[in-house]
Amino acid sequence: MHTLTGTITKIVAVENSLSEFDIEFTANAVLPDVKPCPDWLKDEKITVRRNVSDIRELGHLGDSIVLTVTEAERFLRPLILNAEVQSGDASDVLVRLLWWKSADAPDIVFTWAARTLTAKMEAKDGEFQAVFRPADLLPANFRRPARVEAAVDKIQSAVSFLSDGDTGAARVTRGGAQRLHAWGRWYAIDLAIDGYAGAIDSIRELARDVDHISRRRENVTPMIENAMIINRLRGAWRPEDTLKPVAMTSSGWRQTSAGMRIVLDGLVDEANNKRTSLTVQLRDDFPMICWDREIVLGKPKEAEKSANEIQRLIDPLVPMGIDVRTAIPYSVGEAADFHVLASHDGTLRSVQFARIADSVDFNSWRTRDGWILSEHAVKMEYMLHLFDPIDPPYLKVWRSSDSFIVEPHWESVVMERGTTRGRSNAFIAGEAAGAAGHGVWVAVRRPLKDGGYSVGIVARLGPNPANTSYELEAAGRRFVGCLEAAHPEGIGTVNYAVVDIPNGDPRELMSVTVAGIPERGAQ
Amino acid sequence: MNAFNPRTFSSDWEVTILDRNLQLLDNEKLSGLAGLLNVESGLPVHMDWRSVEIGLGINRSLDQVAARIIDVTDRLTQLAESYDCTVFPMASHPRDVYFNASHVHVGTIHDEAIGLQLEAGLLQYTPVIAALGANSPFFNFSFGGFKSYRVRRGANRCTLVVSPRQPEFAQPQWGGDASPKLWGHPTLEVRILDCASSRRLLAELATFIAAFVHHLGTKQQKYDVTRESYKESIENRWLAAKHGLQATFNWNGSPRPVVEIANEMLDECGDALMELGARRSDLRLVEAMLQKRTCQADFALDLAHRYDEPYLQLCALKNRLREWSAFDEYLEACPTLEPAPALDRATILEAHLDLIGHGTHFYESRMGMDYPPTEADAVIEELVESGALAKEAMPDGTIALTRLAARSN
């Protein structure tokens, strides 16, 4: 989470209080990235109230102040729409302005295409509010998706209207950051597009409405990318955040027979003509998010070397390694319940850290079966990371102050100019899982349009599994069957099944066993 | 015998500087500020990792070092403020991974063999110095578990338990808690002291440490380190990091409050103190600390407890510590703290168990108390036998440990 720093311009004791003070300040920067404060805060006088036992702890006029995450929220994200994405019939949108620079109610302007609608906000409960009625701006039977932008002076937000049950994607703003919000049959995800080269910032199960990646936290995060799935490029010693400043432009998205497909492009290093593209697929047929990174190394644009310079055959050598880092946030008290599971030469192993900053780089543990499972058993949250078993990475796991980080790594290899190098990954987030030396599975539910739910099971059981059966008990019934095989490109073989339970309640208990591997916690 | 002649001392004091947005200054900016201070003060001030390292030159008395500290820190404060920055004299950072120290150099010694004897002699006393100096009660989002995370974590391998050396077999080593350092200046360097927040306290501690080392240098004594005494020193070091001046050490086989031992050390080195122009009563902050069992970490903890967010802790502490005397003032009004219980076997086992999760490399357990291999392995075996830990060999032969006992975090 982010916060603000500022410069104190006034300190006023609150009447009839010995310890409360109103502190007026101008905003300086947004932490932890130390980025400029939003335009709407520039030169504005902002006030927060503090309760201190020693006024000297506040500082003097001209000193810095830093806000809590909670204090900063209304300044950093003042314009809140009660729904940024609406599926199905368009309903009214409540718009709340949590902070405004004066006591006078401002106008709010809604824009769609060339149409605008201006409304006066009303003071209510210490904030300003307005209601946006889609029919006032949008044509009758408007074609979806449609994006309506809302603006109060420089403060902006937007709402996207979608068809019910559609898959698709829309640009959204999350706490000041630009995201591409995409929704498929099983998950809704956010991709970072104003930096981090298309990192996954949110994976939300549709039935439980549980987000496995993005959570509100009370403290300023140590590194904002600690709760994302990101790629890092390996330097000589370690993976580096080369892709952190890389913004991505969307080349578009389309529905294919396999699912929703999004393509993003970005420039990594102009001088060295290094580019990246990212293809993201939300599969329809079974729950899976495919995330394929490509690094393209073109001919350098820099001037040719002079004839006097010594040229060596090794000079064009460019080492290239693409790592992927999954960071899953935890809250105070949850750390002991988090495990990372993987097969180690046919034996199931579990990794868990006791202390912040503990890490293990398993230099001899190659995850040859092509899977790593992150588990929070008590919260029933599982994240299965799949990759191609023909190129298995080494396992690295570490713990930060608020995230568990799984960062399998591959060695760098020589890359020649005019070629590309890529890395395919797949993620399955779910509510139940099983793991053993010979395989792993995850199950997740999605709501059905006409009621009930589907259960999707995805397993990795090796190239020629002897047992591909599954047993599912739910809604008072027992479903037994065999998993089918699929071969997502760059991922290797997966086995899957989807069971529809039209009369079921997605909140009811279910029990799953796959290939004889029992559900975690049920052993 | 007089191992130190002439009797001199100094400190290399590492002080962090924060910019307006509470960010650490980068090394280039620090080197510029340090260089300017070096030229202006004539003192060996340099840049070190994330800090200005204030070398206080060669000193011969408490008054001399105290005056120098005030001169150089007044200028540093002004210099930092002129660039819209603030000094942050603290041994650790609530959000970051660095540690700062106040290394004390004790001179002048030219006989390295005697220095190595003193290295062995100081083994049992460095934990007392650690308790007096404890000033790092948070570190990298960890908070309140230790009064000196710096000592607990070996200052990122910059202050470590000394491996006793025989002069006949010794090689140069760097990074010990207290060791002769003759390849640089002819001094014995005591590295275990956390960065001081109070400049008066730094002057007092540097003078006291120097006087005590000078005093040891007058003794015709060979210090034999036994398995028991080594273990005791290591455990006392852990207790100092954990409890500061509230610690109850195990001293020659019996429990004893660290403040009692420090008092005894002060009495012992009275003559040496006089040679540095000080009487025991001149060390007024040290005296008050011992009476109240209160160290600088207690002040920082007291303040930090009022703020949940590490950035807010940092901001409030910065506002107080730039005065340089916040701790001196705190000491006048703070309550006397109670002594902590002596170390028992259950605490030792828990300190090791705390480091173990699932599949933890067995060598992590060495950090439990910095025990040597024989002691550390015995603890692990005891935990395995009690059913608290499981031990298994990984396919590559590495031994992995898994905690079976319940954990509360």
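Start with the empty space inside: there are seven cavities of 30 Å³ or more. A cavity here is a set of points, on a 1 Å grid over the protein atoms alone, where a 1.4 Å probe fits but cannot get out. Points are joined across faces, edges and corners, and a volume is the space filled by probe spheres set on the points. Rolling a probe the size of a water molecule over the atoms shows where empty space is left.

Before you click on, two notes about the model. It is predicted, so local features need pLDDT of at least 70 and side-chain atom pairs count only at pLDDT 80 or more, while totals for chains, interfaces and linings use all residues. Residues are numbered from 1 along each chain as its sequence is written, chains are lettered from A and ligands numbered from 1 in the order in which they are written, and side-chain values use heavy atoms, with hydrogens and water left out.

**Stop 1: the largest cavity**

Select A:Ile8, A:Arg50, A:Val52, A:Glu57, A:Leu58, A:Ile65 and A:Val66, then add B:Tyr307, B:Leu312, B:Cys315 and B:Ala316. Together these line the largest cavity, each with an atom within 4 Å of a cavity point. The space inside comes to about 100 Å³. Two elements give two or more residues to this lining: strand E5 (64-66) of chain A and helix H13 (310-321) of chain B. Helices (H or I, at least four residues) and strands (E, at least two) are DSSP runs, numbered from the N terminus. H13(B) supplies the largest share, three residues.

Now colour the lining by class. Nine residues are nonpolar, none is polar and two are charged. In this scheme Ala, Val, Leu, Ile, Met, Phe, Trp, Tyr, Cys and Pro are nonpolar, Asp, Glu, Lys and Arg are charged, and the others, Gly among them, are polar.

**Stop 2: chain A as a whole**

Show chain A as a cartoon and you should find two helices and 43 strands. Its radius of gyration (over C-alpha atoms) is 25 Å, close to the 24 Å from the globule rule for 523 residues, so chain A is as compact as a globular protein of that length. That rule is 2.2 Å times the number of residues to the power 0.38. Along the principal axes, the C-alpha atoms fill a box of roughly 75 × 75 × 55 Å.

Of the 523 residues in chain A, 55% are buried. Buried means under 20% relative accessible area, exposed over 50%, and partly exposed in between (1.4 Å probe, protein chains only). Switch on the surface: chain A exposes about 22700 Å², with 48% of it from carbon and sulfur atoms. These areas come from the Shrake-Rupley method with a 1.4 Å probe, and for residues only the protein chains shown count as cover.

**Stop 3: single residues in chain A**

Pick A:Ala135 in helix H2 (residues 134-137). Is A:Ala135 buried or exposed? It is exposed, at 68% relative accessible area. Select A:Asp92 as well: the two residues are 43 apart along the chain, and their C-alpha atoms are separated by 8.9 Å.

Next, go to the loop between H2 and strand E13 (146-152), where A:Pro145 lies. A cis peptide bond joins A:Arg144 to A:Pro145, with omega about 0 degrees.

Now try A:Val34, in the loop between strand E2 (20-31) and strand E3 (35-36). It is not a glycine, yet its phi is positive, about 55 degrees. A:Val34 counts as partly exposed, at 34% relative accessibility. A:Ala515, in the segment after strand E43 (510-514), also has a positive phi, near 50 degrees. At 6% relative accessibility, A:Ala515 is buried.

**Stop 4: over to chain B**

Chain B holds 16 helices and 14 strands. Its radius of gyration is 21 Å, close to the 22 Å that the globule rule gives for 409 residues, so chain B is as compact as a globular protein of that length. Of those 409 residues, 60% count as buried.

Zoom to B:Thr108, in the loop between strand E5 (102-107) and helix H3 (112-122). The peptide bond leading to B:Thr108 from B:Gly107 is cis, with omega near 5 degrees.

Finish at B:Leu389, in strand E13 (residues 389-393). This residue is buried, with 2% relative accessible area. Leaving aside neighbours within four places in sequence, its contacts (heavy atoms within 4.5 Å) include B:Leu353, B:Ile356, B:Ile380 and B:Leu404.

Definitions and conventions:
On a 1 Å grid over the protein atoms alone, a cavity is a set of points where a 1.4 Å probe fits but cannot get out, and a pocket is an open set with protein on both sides within 12 Å along at least five of seven lines; lining residues have an atom within 4 Å of a point.
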